[in-house]
Amino acid sequence: MAQPLVKKDDDRDEEVEYSPFFGIEKGAVLQEARVFNDPQLDPQRCSQVITKLLYLLNQGEAFTKVEATEVFFSVTKLFQSKDLGLRRMVYVMIKELSPSADEVIMVTSSLMKDMTSKTDMYRANAIRVLCRITDGTLLTQIERYLKQAIVDKNPVVSSAALVSGIHLLQTNPEIVKRWSNEVQEAVQSRAALVQFHALALLHQIRQNDRLAVNKLVSSLTRGSVRSPLAQCLLIRYTSQVIRESANNTQTGDRPFYDFLEGCLRHKAEMVIFEAARAITELNGVTSRELTPAITVLQLFLSSSKPVLRFAAVRTLNKVAMTHPTAVTNCNIDMESLISDQNRSIATLAITTLLKTGNESSVDRLMKQITNFMSDIADEFKIVVVEAIRSLCLKFPLKHRSLMNFLSNILREEGGFEYKKAIVDSIVILIRDIPEAKETGLLHLCEFIEDCEFTYLSTQILHFLGIEGPKTSDPSKYIRYIYNRVHLENATVRAGAVSTLAKFGAMVDGLKPRIFVLLRRCLFDTDDEVRDRATLYLNTLGGDGAVVETGADVKEFLFGSLDIPLVNLENSLKNYEPSEKPFDINFVPKEVKTQPLAEKKAPGKKPTGLGAPPPGPPSTVDAYEKLLSSIPEFSNFGKLFKSSAPVELTEAETEYAVNVVKHIFDSHVVFQYNCTNTIPEQLLENVTVLVDGSEAEEFSEVASKPLRSLPYDSPGQTFVAFEKPEGVPAVGKFSNMLRFIVKEVDPSTGEAEDDGVEDEYQLEDLEVVAADYILKVGVSNFRNAWESMGADFERVDEYGLGPRDSLAEAVNAVIDLLGMQPCEGTEVVSPNSRSHTCLLSGVYIGNVKVLVRLQFGLDGPKDVAMKLAVRSEDETVSDAIHEIVASG
Amino acid sequence: MELCPSIKNILLLDSEGNRVAVKYYSDDWPTNSAKEAFERAVFTKTQKTNARTEAEITMFDNYIVVYKFVQDLHFFVTGGENENEIILATVLQGFFDAVGLLLRGNEDKREALENLDLILLCLDEIVDGGIILETDANVIAGKVDSHSMDVGAPLSEQTITQALATAREHLTRSLLQTEYIPDVTLMSLQACILDAIFVADST
């Protein structure tokens, strides 16, 4: 290959880089490949042509089926040559061409001959090629040779067979599993990589047999594994065994921990690191177990090799999420990494420091970060911004310096995603830290003065409209907003007009000034801007009279639209111009329950900055609004809880109905969400007949029928019951859907005039005790438990009978009580025999309830439970016990 | 469950990000354009870094990439986000040093392309279907080299052309190494060639 394959370029074209493949062309090379068919083979030349073919493939050139077949057949001729180098290229070429089954037959005999050759290189490579292209049928023929090869004295041959075995295990497991004796022998090999490959294969053969894996690990952890790679494998298998082993940390020492700890003193860095990482990832690792691992990682932090520093800081970063105190020892080393050349390392170091930092180190850290921010890429900056946001929420007292930092970086150069991350962070801080509100809003105002992103400008204007009027001096924001009307594009101008109007509506003192500004907007060049200005001027009384804006007008202008946009869009499309004006009240109000959470403000681009404050409109808010809009239910008082939808029909029936239970203090409202899935039908006057004879404490007081239920357009009907005040009454209700059905002509979509009355049986519905408990979490259960005191504590034990698993029993009790699991205690670690679960909630009548559940396996499957309840009212504590006792 | 360390790809690019030789062991990039997009991304991300004395490392799109540069050659090894970074670096070092040995210290793009067959064989010897085969540069280079030059098989198994090629190889190498060629050397070489021819004929 010394001589150039293609003529060298002319000297005058020195700019073009010289390449032996300059001007190479597929067609020409395929022509050249004919030399493979020569009776007198020239190995050198053939090698060159194969290199050219491989070059083309490597550059992404595709061969057609015909071309590939042609090349493959001529390449098979090259097995005649005894040239080692050429044979080697032939092997690579065959693998690259990945021949089809009938083509494979052509080379099988040649490859099998090579597999039994005396030359080690032939054997090793022929095995790899044959195993790559073969299918199961051929495998049985060569199995004998492969087993021999596994224990071959040449490590290269042995490794080739073992690695091929790992690949073949995916497709032909039953054959490979027969080799385990040979593989077992190879694990003892003195060649490092043979040991590695043998261990990998042996484990994969046995991976479904937990006992065998256990045995493998315990025998090897005692013995000496020579290869670092094999040692890494062994560490991975060991941590898997630890994860799955039944013994938990409570019973003293963890099995195999000593082995992992010993690996921290291995001479190969990859082993040390693998072991340190495995220790940090142990389930429920203790700080005593962590310490030695953290110590070696700390040493890595000051290594001269970037890869070691990166690996260590990345692992410590993960540890900092769960055990921040364990990492604080490394803070000094970590701080010096902020100036690391490798920006990935620097970013990881900073975010780790932000996680482990305490209140006093915040200011110093921010100073360091400021220098650092200017020379990292946007993606890293976003990570830092997010870390700062969580730091600020952790230390609200530090909001001033953190907010300042955010506003400073907001003013610097940056792409959209980065700017959006900063703006989102400021908005979240404003929402969660009241003291930060005014400065935060001013920072945002300054930002929109010079903001190139329309999306961000409109979002901030919307947010200002909500928060601005509530501040002590709303007038100072007006200037920033009105500037938008002069300087920005139409979308932003329209947003600014709406925001101005909001100030006008909310702050009466500002009204006259706002009207002046809005009137100027009437001459805007854009229709939407003018329309908005006109609308607001008329509805807010801009004709000079300064009157207090009525609540209904505010609601009309700025309230959230309680109609899903999809429904409104459909209705508008279906509306045909006529005498009768379009009536928004005829738009079906609800889709399913989920889209409620996604309600949009009118005239706004989708999704606000997260959502309108304070916090996203939870489903409860949406339900509350929906129910209070129905006059019959408006005097029921405050909605206590709405259940998740309960399906009352099987999937794919004619009519799909689910129900949401709304609990009020002395009422219960069932909201039936109905969908008609038959295109040829229109349902009218839809009601649900509820039979409450098995629910003695309930009496029906009102029902609200659904006037019309067209195909595939969901609607609701409601039924309300009265119940004794404050009492968690339970009962069972049977339901019958009643309606008038009208045939619809599918071609015209028109319904016939006459309908037939019909009924449809639904499944029963139960009101259970859990409906009276709100899921409300507490952040620190122990504190809450202690401060609640033992005055109304009730403790009792229950046998839960045989259960599938502990986890199943825990979930059953959580569901029964309908309370919020705290501190992640709903997760039962696998194979444990006991578990403690902490629950918190609010009982009807706004009584706080805390529950501590202790589960234990009693015998092989029987689960026993100790239930301790604390609440502010002893009747409530008793009620919880009753729920469990009757459940 | 992926317990065995695995390599997603090995890339050798030039100083403009063009392929010299690449090998993918994973289906994460099903098409050539996906592969090229990945290479472009890796190249632009690492271009400005100084990875000439020590291997550098970066993380993006949930991949870990370790890399090292020499002259106009850029070496990359990619693994999944949970891979042991040091294992990846060991593979990179093996590849890097093996190429150095095979190109006899003249590591640049031109030399690499002229010896592309060696580079391709080298890739073939380091990783098989994502599983690490060998990481010791001397062993890798030895396996690759023995095929093309120092044919280990007995002389009798070689053809005349092979023997001539071997001789020519020796000649060129000594030409490269010495400034002038004494006549003696030439003569002994000729003798060597004749020997080879003789042996080949007699078998």
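This passage describes the predicted model, taking chain A as a whole, then local sites in chain A and two loops in chain B.

Chain A contains 887 residues, 52% of which count as buried. Its secondary structure amounts to 36 helices and 17 strands. When contacts between residues at least 6 apart in sequence are considered, 64% of them in chain A link residues at least 24 apart. The accessible surface of the chain is about 41,900 Å², and carbon and sulfur atoms account for 50% of that area.

Helix H27 of chain A spans residues 475-487. Its buried residues are A:Tyr477, A:Ile478, A:Tyr480, A:Ile481, A:Tyr482, A:Arg484 and A:Val485. The set thus includes a charged residue, A:Arg484, alongside tyrosine, isoleucine and valine. The buried residues of H27(A) pack against four helices of chain A: H25 (437-449), H26 (454-467), H28 (490-506) and H29 (511-521). In an α-helix, residues three or four places apart point the same way, because there are 3.6 residues a turn.

A second site in chain A involves A:Asn172, which occupies the loop between helix H8 (155-171) and helix H9 (173-176). A:Asn172 counts as buried because its relative accessibility is 12%, under the 20% cut-off. Apart from neighbours within four places in sequence, A:Asn172 has contacts with A:Gly136 and A:Leu139.

On the surface of chain A, a patch of negative charge is formed by A:Glu680, A:Glu743, A:Asp745, A:Glu750, A:Glu752, A:Asp753 and A:Asp754. One member, A:Glu752, is placed in the loop between strand E9 (731-743) and strand E10 (756-761). With a relative accessibility of 48%, A:Glu752 is classed as partly exposed. This value lies between the limits of 20% for buried and 50% for exposed residues. Membership of a patch requires over 30% relative accessible area and no salt bridge, and A:Glu752 is among the members.

In chain B, two residues other than glycine have a positive phi. For B:Gln71 the angle is about 45 degrees, and the residue sits in the loop between strand E4 (63-70) and strand E5 (73-80) of chain B. For B:Arg104 the angle is about 50 degrees. B:Arg104 belongs to the loop between helix H2 (85-102) and helix H3 (109-114) of chain B. The relative accessible area of B:Arg104 is 41%, so the residue is partly exposed.

Methods
Residues numbered from 1 in each chain as written. Chains lettered and ligands numbered in written order. Predicted model: local features only at pLDDT ≥ 70, side-chain atom pairs only at ≥ 80, totals over all residues. Heavy atoms only, no water. Patch = residues over 30% accessible without salt bridge, like charges linked within 9 Å, V, L, I, M, F, W, Y side chains within 5 Å. Areas by Shrake-Rupley, 256 points an atom, 1.4 Å probe, with all protein chains shown as cover. Salt bridge = Lys/Arg side-chain N within 4 Å of Asp/Glu carboxyl O. Charge placed at Lys NZ, Arg CZ, Asp CG, Glu CD. Buried < 20%, exposed > 50% of the residue type's maximum accessible area, 1.4 Å probe, protein only. Contact = heavy atoms within 4.5 Å.
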